[in-house]
Amino acid sequence: MLHLASRSPRRSELLARLVPVFGVLSPDVPEERAPGEPAADYVRRVAREKAGAGLLAVVGAPGAVVLGADTEVVLDDEVFGKPNDAEDAARMLRRLSGRTHLAISAVCLVSAGRELQAMSVTEVSFATLDEDDIAAYLASGEWAGKAGAYGIQGRAEAFVTRLCGSYSGVMGLPLHETAQLLRQFGIRPLPT
C-alpha cells in the first residue's frame, strides 16, 4: 500500500488525483538547511528523510511504499521556508515582490528494498506588490504554513506574472514526476 509521509492537505489533494487510496503518515522531520548545503540538495534531503521516517512507521506492513516530498521557495540562494509569523511572511513577500524565484519540489518514493527520487524546479515571477497587497494577503491567512509565505492555488495566484515549470510542483507535489516514480514502483496512476 502507498503511504504519504506528509501532513500537508495540498499534497494529499494532489496525490489523490493520481492514486485514490493511500495512507497518510505524520513523520516529525526537522527542516533545517545545513551550512553551505545547496538549496536543491537540502530539498532533496528533506524529502528523503520524510520518506525514510514514514517507512520506519510502516516497516512491518508487507508491500509498503512511502512517498516523501518537500517544496521550498528559493531566491538568491536563500531558502524561504514556512514563515514563523505574519511579520516574517511580510518580509518574504516584500523580497519576492517584482522578482523571479524558484519553487523547488523533491519527491522520494521508498520501500523496504528500493528508493527513487525526482525533482521539479519551477521559475515563478511575481508582480510588484505594494504594502496594501501584502497586508490584504496577510489578512487572508493563506500565508500560514506555506513555503515562501504564499499558496499559488489561492489568492496569491494573482501575484504571478509568469510561471515556467510545474504548477502542481509549486503547490507541493509535482504530478508528472510523481506519476513517473509511481509507475516505476508498479503503481499505476490515474490519468490526470
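**Legends: strand β5 and its surroundings in a predicted model**

**View 1. Pairing of strand β3 with strand β5.** In this predicted model, Glu72 has Ile104 of β5 as its bridge partner. Strand β3, residues 65–75, runs antiparallel to β5, and the pairing comprises nine bridges.

**View 2. Pairing of strand β5 with strand β6.** Strand β6 covers residues 114–126 and pairs with β5 in the antiparallel sense over 12 bridges. Within this pairing, Thr100 is placed opposite Ser125 of β6. The connection from β5 to β6 is a hairpin of two residues.

**View 3. Burial of strand β5.** Strand β5 spans residues 100–111, and 10 of its 12 residues are buried, so the strand is largely enclosed by the rest of the structure. Burial here denotes a relative accessible area under 20%. Across the protein chain, buried residues account for 52% of the 192 residues.

**View 4. The protein chain around the strands.** Six helices and seven strands make up the secondary structure elements of the protein chain, arranged along the sequence as β-α-β-α-β-β-α-β-β-α-β-α-α. The C-alpha trace extends about 55 × 40 × 25 Å along its principal axes. The radius of gyration is 17 Å, which agrees with the value near 16 Å for a compact globule of 192 residues. Of the contacts between residues at least 6 apart in sequence, 64% link residues at least 24 apart.

**View 5. Surface and charge of the protein chain.** The exposed area is about 9000 Å², of which carbon and sulfur atoms contribute 52%. The protein chain carries 20 positive and 24 negative side chains, with the centres of the two sets 7 Å apart.

Conventions
Residues are numbered from 1 along each chain as its sequence is written. This is a predicted model: local features need pLDDT of at least 70, side-chain atom pairs count only at pLDDT 80 or more; totals for chains, interfaces and linings use all residues. Side-chain values use heavy atoms; hydrogens and water are left out. Buried means under 20% relative accessible area, exposed over 50%, partly exposed in between (1.4 Å probe, protein chains only). Helices (H or I, at least four residues) and strands (E, at least two) are DSSP runs, numbered from the N terminus. Two strands pair if DSSP finds at least two bridges between them. The radius of gyration is taken over C-alpha atoms; the globule rule is 2.2 Å times the number of residues to the power 0.38. Contact means heavy atoms within 4.5 Å. Accessible areas come from the Shrake-Rupley method with a 1.4 Å probe; for residues, only the protein chains shown count as cover. Lys and Arg count as positive and Asp and Glu as negative; His and the chain ends are not counted. The place of a charge is taken as NZ of Lys, CZ of Arg, CG of Asp or CD of Glu.
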